[in-house]
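Hi everyone, thanks for coming. Let's take a few minutes to look at how strands are arranged in today's structure.

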Amino acid sequence: MVKKYKFHYDDVSDRLMISRKKSSDVIDGSVRILNMVFDFTTSEEVANIELLDASDYLESLDIDSEILNKLTEAEFNFQHVSGGYLISIVLKSGKKVIGVPYN
């Protein structure tokens, strides 16, 4: 099944929100880790993420934050790996695709 992502960048509050929540998902709770907020479903899957201070975070990785104002697609990956988690964000603007790690 292909996951559908919705996204919104609010330049006033500098927050990037990406959602893959299905209409049948029920949000059970949220966790904030540093500048990232994760919404979990009752089936313990990540349904939404919110990157706070998004432009500052991208700039700290030497990524031009102007992409946030030109996004055509955005998605995230959240995987359990060896007792920890691998989190990544993919931002697309036209033909430009940027992988953004989150550690």
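**Strands and their neighbours**

Let's start with the smaller picture: 3 strands make an open sheet here, ordered β6-β7-β8, with antiparallel pairing. Before we go on, please keep in mind that this is a predicted model.

So which strands stand at the edges of this sheet? They are β6, residues 73-81, and β8, residues 96-102. Each has a single partner strand, so one side of each is left without a neighbour in the sheet. From one strand to the next, the twist averages 20 degrees.

Now find β7, residues 84-93, on your screen. How many bridges join β7 to β8? There are 7, and the two strands run antiparallel. If you'd like a spot to zoom in on, try Ile89, which stands opposite Val100 in β8.

Okay, on to another sheet. This one is open too, with 5 strands in the order β1-β2-β5-β4-β3, and the pairing is antiparallel. Read that order slowly, since β2 is followed by β5 in it.

Why do β1 and β3 each have one side without a neighbour in the sheet? Because β1 (6-10) and β3 (27-33) stand at the edges, where each has a single partner strand. The twist in this sheet averages 15 degrees from one strand to the next.

Let's finish with β2 and β5. Strand β2 covers residues 15-19 and strand β5 covers residues 46-52. They run antiparallel, and 5 bridges join them. Here you can look for Ser19, which stands opposite Asn48 in β5.

That's my tour, thanks for listening!

Definitions and conventions
Residues are numbered from 1 along each chain as its sequence is written. This is a predicted model: local features need pLDDT of at least 70, side-chain atom pairs count only at pLDDT 80 or more; totals for chains, interfaces and linings use all residues. Side-chain values use heavy atoms; hydrogens and water are left out. Two strands pair if DSSP finds at least two bridges between them. Helices (H or I, at least four residues) and strands (E, at least two) are DSSP runs, numbered from the N terminus. Axes are lines fitted to C-alpha atoms, for helices over the stretch in contact, and angles run from 0 to 180 degrees between N-to-C directions.
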